[in-house]
2 protein chains.
Amino acid sequence: MSIYQQLEQHYGTLGKLSAANSLLFWDRNVVMKPGSAAAHGEVAAAMAALHAEKATDPRIEGWLGEAEAEKPGLDTWQAANLAEMKRLYRHATAVPTELKVRRARLSAEASQAWQKARAGNDFGSFAPYMRQMVELVREFAGHKAAALGLKPYDALMDEHDPGVRSELVDGVFGLLAQRLPVLLEQVLDKQAGWNLLPLGAGHSDEAQRELCEFIMRKTGYHFDHGRLDQTLHPFALGGVPGDQRITTRFKADDLRFGLMATIHETGHSFYEFNLPRQYSFQPVGAARGAGLHESQSLMLEMCACRSAEFVRFLAPELARRFGAADPAYAHDNVLKHYHKIRRNLIRIEADQIVYPLHVILRYEIELALLDGSLPADELPEFWNMRIKQVIGVTPPDAGQGCLQDVHWSLGMFGYFPSYTMGAAIAAQLFETATAADPAILAGLSVGDFGPYYAWVKPNVHEKASSLTFQAIIEQASGAPLSAEPLLRHLTQRYG
Amino acid sequence: MSIYQQLEQHYGTLGKLSAANSLLFWDRNVVMKPGSAAAHGEVAAAMAALHAEKATDPRIEGWLGEAEAEKPGLDTWQAANLAEMKRLYRHATAVPTELKVRRARLSAEASQAWQKARAGNDFGSFAPYMRQMVELVREFAGHKAAALGLKPYDALMDEHDPGVRSELVDGVFGLLAQRLPVLLEQVLDKQAGWNLLPLGAGHSDEAQRELCEFIMRKTGYHFDHGRLDQTLHPFALGGVPGDQRITTRFKADDLRFGLMATIHETGHSFYEFNLPRQYSFQPVGAARGAGLHESQSLMLEMCACRSAEFVRFLAPELARRFGAADPAYAHDNVLKHYHKIRRNLIRIEADQIVYPLHVILRYEIELALLDGSLPADELPEFWNMRIKQVIGVTPPDAGQGCLQDVHWSLGMFGYFPSYTMGAAIAAQLFETATAADPAILAGLSVGDFGPYYAWVKPNVHEKASSLTFQAIIEQASGAPLSAEPLLRHLTQRYG
C-alpha cells in the first residue's frame with residue numbers, strides 16, 4: 001500500500017465515523033424521544049472523542065510528509081484529496097486539547113445561560129459568559145491562525161468554509177451594506193399599497209406533506225434514497241453518500257413556511273446526493289463548505305422557487321389542493337406572498353433583502369468583539385443602534401435583539417458570513433445558468449427541474465472538493481464571486 | 001485513576017460504541033430507504049472494525065492483570081464488572097483476525113447463496129457453502145474453546161449467552177424432547193373438534209397500532225422513552241440505556257400476530273429499560289445474555305398475555321374496537337386462537353409446543369455437524385426424517401425444511417438453544433412469581449401489569465450482569481433451571 005493509500009484508508013474511516021455521527025444526529029432530532037436524551041448525549045460525546053482521536057492520530061503527520069514524494073503519481077482528484085487531508089489535520093491539531101475541553105465546558109454553560117437570558121430578555125445575566133467566550137474564542141482563533149498561517153477570523157471561517165477569506169467577504173458585504181438599505185426603503189415604498197389575501201388557514205400536516213412531496217418529486221428528489229420528516233428546526237442529512245433525507249416543519253396557518261423550508265432542505269440534499277460516489281467518505285468527495293452548501297439551498301428556494309416562473313406552476317397547484325375558487329391562490333397574490341418585504345427584527349424570519357443586513361451586522365460585531373474594539377458589555381447598545389440604522393426599527397427587547405441567535409453562546413464565531421455568501425453565490429450561479437440555458441426558467445414554469453439540475457449538477461455538485469471554492473464559482477460562472485449578481489437579482493425582483 | 005477505573009473508562013467507550021451501532025442498526029431497519037443501503041453498509045463495517053480495534057486493545061491484557069491487585073477494594077458489582085471485562089476480552093481476542101476476515105467473507109457469500117437456494121428449494125446449490133461453513137465454524141470454535149477453557153460448542157454459546165453450557169441445555173432439552181411429542185399428540189386430539197371463528201379481517205395498520213399502543217400503555221411502557229415502529233422483522237432496541245423503542249409488524253387479516261409481536265418486543269424492551277442506570281454502558285450493566293433476554297419477552301408474551309386471565313381483559317377490548325356484536329371476540333374464542341396448536345413446519349410461526357421441538361432439532365443438528373457425525377450433504381434427509389418423527393409431518397420442500405433459517409449461512413452456530421432456554425426460564429420465573437404474589441394474575445385480568453413488573457424488575461432486570469445466569473434464576477425462583485416448570489405450564493394450559 002502506498003502512503004497515499006494509507007491516508008485514504010485512514011480518512012475513509014474518519015468519513016464513515018462522520019457519517020455515523022450524522023445519522024446519530026438525525027436519530028436524536030427525528031426519532032429519539034426526550035426521555036432518552038441523556039444516554040444519547042453520552043453516546044454522541046464518546047463518538048466525538050473517537051473522531052477527534054482518529055483525526056489527530058500522530059501517524060498522520062508522518063504520512064503527510066512522506067506522501068509529498070508520491071505527489072507526481074497522483075491525479076488531480078487525489079492531489080486535491082491530499083491537500084484537504086492536510087487542511088483537516090492542521091485544523092484538528094491546531095488547538096491544544098486543554099483549550100478544546102475548556103471551550104466545550106464554557107459552551108455548555110453559556111448556552112444554558114443564553115437560554116435563560118433570552119427568555120427573560122436579560123442581557124446582563126449573559127454578559128459574563130459572553131465576555132469569557134470572546135476571550136476564549138480569541139485564544140482559540142490565535143492557535144488556528146498560527147497553525148494555518150491565516151488571520152484569526154479567516155482561520156475560524158476556514159474550518160467550515162475552506163478558502164473563504166475576510167478580504168472576499170469584505171468585498172461582497174461592503175457593496176451589499178451600501179446598497180441594500182437604499183433598496184429596502186424603495187421596495188417598502190413600492191409595496192406599501194399591497195393588499196395580500198391570506199393563503200388559507202388551518203392546513204393539516206397531511207395536506208401540507210402531500211403538497212411538499214409532490215413538489216419534491218417534481219424536483220427529481222429520490223424517495224428511494226430519502227424521506228421527509230418533521231422537526232422543530234428543518235435540516236438535511238449530510239455526509240452519508242446517497243442518503244437524501246430531509247426534515248421540514250409545518251405551520252397550520254402559513255402554507256408558505258413549510259413549503260419553502262422543504263424546498264430549502266431539498267436544495268441542500270441534492271448537493272449531497274450528487275457528490276461523486278467514487279470519492280464517498282473521502283475529504284475530496286465532500287461538499288465544498290458551508291457557503292456553497294447554502295448557495296444550493298438558496299438557489300433552489302430563493303432564485304428558482306420564488307420566481308414568477310415557478311409560481312406560474314405552483315399557484316394553480318395550491319388552488320387545486322386548497323381552494324380552487326379562492327382568489328388568494330391567484331398567481332399574483334401567491335407571488336406577492338413570496339416577495340413581500342418586511343423590517344424583520346429576527347434573522348431566521350427575514351426575507352431576501354433584510355436577511356443579508358442581519359448577517360452583515362453580525363459579521364461586523366464578531367470582528368469588533370474579537371479585535372477588542374467592541375466590549376461585550378456594550379453589545380446591546382451597539383446592536384440596537386446599528387439595526388435601527390440598517391433596518392429602520394429598534395428591538396423592543398434583547399430577545400428580539402442581540403440575544404436572538406444561539407451561535408455566540410456556543411462559541412461559533414465565523415459562521416454567520418456563510419449564509420449571505422451563499423446568497424451571493426446562488427444569485428451569481430442562477431444568473432449564469434438561466435442565461436446559458438433558457439430551458440431552465442421555461443422548465444420551472446411547468447414544474448420541470450430537469451434543465452435546472454442538468455446545469456447545477458455538473459457545474460457545482462459533481463466538483464465536490466476537487467477545486468477551491470473560488471475555482472468552482474469561476475469555472476461555473478466565468479467570473480470571481482461578487483455581490484453584483486445578487487444586487488441585480490434583488491433589484492430586478494423587488495425594485 | 002486506578003487500573004479498575006481505567007478499565008471502566010475503556011469499556012464505557014466500548015459500550016457507547018455498541019449503543020451507536022445499535023442505533024445505526026435501528027436506522028437501517030426502520031428509517032433508511034433501500035437506495036442508500038450501500039453507504040450505510042460501509043458505515044456499519046467501519047464501526048464494527050472500530051469496535052473490534054477497541055475491544056482488542058493490547059493494553060487491556062496488562063490492565064486486567066494489574067487489576068487483580070485492586071480486587072480486595074472492589075464491591076461485588078465492580079468485581080462482576082471486572083470478570084465480565086475479562087470474558088469479553090477473551091472472546092474478542094480468541095480468534096485470529098485472518099479467520100474473522102474469512103468468516104465475514106464466507107458469511108456474505110453463503111447468505112447470498114442461501115437466499116437463492118431457499119427461493120429455489122435447492123439445497124444442492126447451498127451444500128458447498130454449508131460444508132465450508134461447518135469447517136470454518138469448527139476452526140472458529142476451536143480457537144474460542146482454547147481461549148476460554150470451554151468445550152467448543154459451549155464457547156460458541158458463551159459469546160451471547162454467558163455461562164450457558166451444553167450440560168445444562170442437554171438436561172432441559174432432553175426432558176422436553178421426551179415429553180413434548182407426546183403432549184403434542186394429546187393436545188392435537190383434544191383440539192381436533194375446535195371450531196375457531198376468525199378474528200375479523202382487513203384490519204387497518206392504524207387500528208392495530210392503536211390497540212397495540214393501548215396495551216403497551218397498560219404494561220407501563222414509557223412512551224416518553226420509546227416508540228412503536230413497523231418493520232418486516234419486529235425487534236427491540238438494545239444497549240441504549242433508557243431508550244425503550246421497539247418495532248412490530250401488522251397483518252391485516254391476523255390481529256393476533258401484530259399484537260403478540262408487539263407484546264413480545266415490549267417484554268424485551270422492559271429488560272433493557274430497567275437495567276441499573278448507574279452501570280450504563282458497563283459490561284456489568286448489560287442484560288445477562290440471549291436466553292434470559294428471550295425469557296423476558298416470552299414471559300410477557302406467552303406466560304402473561306396468552307393466559308386466560310389476560311384474555312379476560314383483552315377480549316372485551318377487542319370487541320369494543322373491532323366488533324362488539326361479533327361472537328368471534330368472546331373470551332373463549334379469543335383464548336382458543338391463542339392456544340391453538342399446529343404441526344407447523346416453520347419455526348418462527350410455531351406455537352409454544354412445536355417451537356421447542358424445532359429448536360431442539362437444530363441443536364441436535366449443530367452438534368452433529370460440528371463433531372462430524374452428520375455430513376453437511378446429508379442435512380436435508382436427516383432434517384426431514386427427524387421433523388417427521390417429532391412433529392409428525394414432512395416438509396414438501398427444502399425452503400420449508402432445512403433451508404428455512406438464515407443462521408447457518410451466517411455462521412451463527414450455538415444461538416438456537418437460547419430461544420428455548422428462554423421459554424424454560426420464563427415458565428420457571430412465572431410459576432414462582434404468580435405463586436409469590438396472587439395479585440399478578442388478578443392484575444392481568446384487569447390489564448394491570450403493576451404487580452407483574454413489581455416482581456420481575458427487582459428479581460431479574462435490576463440484577464443486570466452482576467450475577468451469573470444460573471444465580472439470577474436460582475435467587476429468583478429458589479431452584480436451578482429445569483424443564484419441569486415449562487412442562488407443567490404447557491400441560492396445564494394445553495393438556
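# Exercises on a two-chain predicted model

The axes of H2(A) and helix H1 (residues 3-31) of chain B cross at roughly 110° and come within 9 Å. This is a predicted model: local features need pLDDT of at least 70, side-chain atom pairs count only at pLDDT 80 or more, and totals for chains, interfaces and linings use all residues. Residues are numbered from 1 along each chain as its sequence is written, while chains are lettered from A and ligands numbered from 1 in the order in which they are written.

## Exercise 1: a helix pair across the chains

Task: Find how H2(A) and H1(B) are oriented to each other, and which residues make their contact.

Solution.

Step 1. Take the angle, roughly 110°. Axes are lines fitted to C-alpha atoms, for helices over the stretch in contact, and angles run from 0 to 180 degrees between N-to-C directions. Helices themselves (H or I, at least four residues) are DSSP runs, numbered from the N terminus, as are strands (E, at least two).

Step 2. Classify the angle. Under 35 degrees counts as roughly parallel, over 145 as roughly antiparallel, 65 to 115 as roughly perpendicular and the rest as oblique. H2(A) and H1(B) are therefore roughly perpendicular.

Step 3. List the contact residues. H2(A) brings A:Ala39, A:Glu42, A:Val43, A:Ala46 and A:Met47, and H1(B) brings B:Thr13, B:Lys16, B:Leu17, B:Ala19 and B:Ala20. Contact means that the C-beta atoms of two residues, placed from the backbone, lie within 7 Å.

Step 4. Sort them by class. There are seven nonpolar, one polar and two charged residues. Ala, Val, Leu, Ile, Met, Phe, Trp, Tyr, Cys and Pro count as nonpolar, Asp, Glu, Lys and Arg as charged, and the others, Gly among them, as polar.

## Exercise 2: the interface and its symmetry

Task: Describe the side of chain A that touches chain B, then state how the two copies are related.

Solution.

Step 1. Count. 31 residues of chain A are in contact with 31 residues of chain B.

Step 2. Find the elements. Helix H1 (3-31) and helix H2 (37-55) of chain A are those that give two or more residues to this side. H1(A) gives the most, with nine residues.

Step 3. Sort the residues. The side of chain A holds 16 nonpolar, eight polar and seven charged.

Step 4. Superpose. Chain A falls on chain B after a rotation of 180° with 0.0 Å of shift along its axis (RMSD 0.0 Å). The fit is by least squares on the C-alpha atoms of residues with pLDDT of at least 70 in both. The copies are thus related as by a two-fold rotation axis.

Step 5. Compare the surfaces. 100% of the interface residues of chain A are also interface residues in chain B, so the copies meet through the same surface.

## Exercise 3: a helix pair within chain A

Task: Work out how H16(A) packs with H20(A).

Solution.

Step 1. Helix H16 (residues 417-436) and helix H20 (residues 484-494) of chain A have axes 7 Å apart, at an angle of about 80°. That makes H16(A) roughly perpendicular to H20(A).

Step 2. H16(A) makes the contact with A:Ala423, A:Ala424, A:Ala427, A:Gln428 and A:Glu431, and H20(A) with A:Pro485, A:Leu486, A:Arg488 and A:His489. By class, that is five nonpolar, two polar and two charged residues.

## Exercise 4: the buried face of H13(B)

Task: Which residues of H13(B) are buried, and what covers them?

Solution.

Step 1. In helix H13 (residues 331-339) of chain B, B:Asn333, B:Val334 and B:Tyr338 are buried. A residue is buried if 20 or more other C-beta atoms lie within 10 Å of its own, exposed if 12 or fewer, and partly exposed in between; C-beta atoms are placed from the backbone.

Step 2. Look down the axis. The buried residues of H13(B) fall within an arc of 140°, so they line one face of the helix. The arc is that of the directions from the helix axis to the C-beta atoms.

Step 3. The cover includes helix H10 (255-274) and helix H12 (308-322) of chain B.

## Exercise 5: two loop residues

Task: Are A:Ala464 and B:Asn121 buried or partly exposed?

Solution.

Step 1. A:Ala464 sits in the loop between helix H18 (450-459) and helix H19 (469-477) of chain A. Its phi is positive, about 45°, although A:Ala464 is not a glycine. A:Ala464 is buried, with 25 other C-beta atoms within 10 Å.

Step 2. B:Asn121 sits in the loop between helix H5 (97-119) and helix H6 (123-148) of chain B. Its phi is also positive, near 50°. B:Asn121 has 14 C-beta neighbours inside 10 Å and counts as partly exposed.
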